[in-house]
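Biologist: Can you walk me through this one? I'm new to reading structures, so keep it plain.

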Protein chains: 2
Amino acid sequence: MKTSLGAKTLVFPVPVWIIGTYDNDGKPNVMAASWGGVCCSEPPCVTVSLRKATYTYGCLMERKAYTVSIPSEKHSREADYFGMASGRDTDKFTDTGLTPVRSELVDAPYVGEFSHILECKVIHIHEIGLHTQFIGQIMDVKMDEEMLDANGKPEVLKVKPFIFAPGIHEYYGLGNPLGRGYKLGKGLKK
Amino acid sequence: MKTSLGAKTLVFPVPVWIIGTYDNDGKPNVMAASWGGVCCSEPPCVTVSLRKATYTYGCLMERKAYTVSIPSEKHSREADYFGMASGRDTDKFTDTGLTPVRSELVDAPYVGEFSHILECKVIHIHEIGLHTQFIGQIMDVKMDEEMLDANGKPEVLKVKPFIFAPGIHEYYGLGNPLGRGYKLGKGLKK
């Protein structure tokens, strides 16, 4: 029996991504965002949605570039902090001891200690409501070499990305592999 | 040491969502989509991006409504199948033995056996490139009652949503809770 929980963003799973930008003075800033995802394969694009009140919103409108630093489980505490504090009031890199690294491809910094990085140029901005959606073209994906297997493929259980569960405000790590895409369901094909 | 993996949608984690639509003849159809996410809190919206070649694209353009049925681990096989077959060639509900249920709120069907459902009206359509982005306003969230705790909050480890890892094409379940959002990082606040 299904029950109605109302019109709300009670949606599983959503990612935990750290959005890196420079402000007007060139100060690197980061914030945590879970309203985002991949939105196109060609050009390869991700989207992230921000409230106008965030410090990152102004940085993005100015610089039209951002990075996505994907945190591992071991940085879940810092990631959560990046979603609590504002770059208006503090330097979140200093607070956490993490290192801003200037992207060579886009006008934005990423978190040096995080193993999985996307470098993005803003190609569309969509007003939706409380949130504004920034479509970022992925100019490159970078990963720590030790996260790759012998064939150069990422080992997800080493990268250890984690998810957020809105509504109950809990983070979860990844569990067991369930099977291969475009293979697991093959037996059902008539 | 970071290495470049190129400009591609090698992004973790992405969701596995089943998009439900009716076609022109009123036949219910479902497809798996991982290019999507939440994109606004008010109005509450999710986004899903589809290639024009998909059967669902035409249904969405016609009906301007869709559901998101969030599969549990136990339905990972069916979810993968929904991403392999096309509604042009087959009836995926018949193939899998799952039940299309007509939403009372939007002109779209959802998967009756899946425990977590979003009912969405398309409010914006954005051309990005190979993919077209459909912004859906969430009209209601429905969940099986047995997924809720005594306070009416979802128990994520019962819902058991899972994620997809592009690039390596593997599905992963959820693991352990890592901590509460807006709490875990509190110690870092200066």
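Modeller: A word on terms before anything else: helices and strands here are DSSP runs, of at least four residues for a helix and at least two for a strand, numbered from the N terminus. Chain A has 4 helices and 13 strands by that count. Keep in mind that this is a predicted model.

Biologist: What pLDDT does chain A average?

Modeller: Chain A averages a pLDDT of 97, and 99% of the residues score at least 70. For the complex, the predictor gives an ipTM of 0.97 and a pTM of 0.97.

Biologist: What radius of gyration does chain A have, and what would a compact globule have?

Modeller: Chain A has 17 Å, and a compact globule with 190 residues would have a value near 16 Å, so the two agree. The C-alpha trace of chain A spans about 60 × 50 × 35 Å along its principal axes.

Biologist: And how much of chain A is buried?

Modeller: Buried residues make up 53% of the 190 residues in chain A. As for contacts in chain A with a separation of 6 or more, 60% of them are between residues 24 or more positions apart.

Biologist: Which residues have the most contacts inside the largest nonpolar core?

Modeller: Those are Ile18(A), Val46(A), Ile18(B) and Val46(B), in a core of 118 residues.

Biologist: Take Val46(B). What is it in contact with, leaving aside neighbours within four places in sequence?

Modeller: From chain A, Val46(B) is in contact with Val11(A). Its contacts in chain B include Gly36(B), Gly37(B), Val38(B), Cys39(B), Val68(B) and Leu118(B). Cys120(B), Gly136(B) and Ile138(B) are also among them.

Biologist: How many residues does each chain bring to the contact between A and B?

Modeller: Chain B brings 91 residues and chain A brings 90 residues. On the side of chain B that touches chain A, strand S13 (residues 170–180) gives the most, with 11 residues. By class, that side of chain B has 47 nonpolar, 27 polar and 17 charged residues.

Biologist: Now helices. Which residues of H1 in chain A are buried?

Modeller: H1(A) covers residues 55–63, and Tyr55(A), Thr56(A), Cys59(A) and Leu60(A) are buried. They line one face of the helix, because they fall within an arc of 125° seen down the axis of H1(A).

Biologist: Why would residues a few places apart point the same way?

Modeller: An α-helix has 3.6 residues a turn, so residues three or four places apart end up pointing the same way.

Biologist: What do the buried residues of H1(A) pack against?

Modeller: They pack against strands of chain A: S3 (17–22), S4 (28–33), S6 (45–51), S7 (65–70), S10 (116–127) and S11 (131–144). Just after H1(A), Lys64(A) takes a positive phi of about 55°.

Biologist: And which residues of H1 are buried in chain B?

Modeller: In H1(B), residues 55–63, the buried ones are Tyr55(B), Thr56(B), Cys59(B) and Leu60(B). Their arc around the axis is only 125°, which puts them on the same side of H1(B). Lys64(B) follows H1(B) and has a positive phi, near 55°.

Biologist: What sign of phi do most residues have?

Modeller: Most residues other than glycine have a negative phi, and most peptide bonds are trans. Lys160(A) is not a glycine, yet has a positive phi of about 55°. Lys160(A) sits in the loop between helix H4 (156–159) and strand S12 (163–165) of chain A.

Biologist: Is Lys160(A) buried or exposed?

Modeller: Lys160(A) counts as buried, because it has 22 C-beta neighbours inside 10 Å, and the cut-off for buried is 20 or more. Tyr182(B), in the segment after S13 of chain B, also has a positive phi, of about 65°. Tyr182(B) counts as exposed, with 12 C-beta neighbours inside 10 Å.

Biologist: Where are the cis peptide bonds in chain B that you can point to?

Modeller: One joins Phe12(B) and Pro13(B), with omega about -25°. Pro13(B) lies in the loop between strand S1 (2–6) and strand S2 (14–15) of chain B. Another joins Glu42(B) and Pro43(B), with omega about 0°. Pro43(B) is in the loop between strand S5 (36–41) and S6 of chain B.

Technical notes:
Residues numbered from 1 in each chain as written. Chains lettered and ligands numbered in written order. Predicted model: local features only at pLDDT ≥ 70, side-chain atom pairs only at ≥ 80, totals over all residues. Core = buried A, V, L, I, M, F, W, Y, C linked by C-beta atoms within 7 Å. Contact = placed C-beta atoms within 7 Å. Arc of directions from axis to C-beta. Rg over C-alpha atoms; globule rule 2.2 N^0.38 Å. pLDDT = per-residue confidence, 0-100. Nonpolar A, V, L, I, M, F, W, Y, C, P; charged D, E, K, R; others polar.
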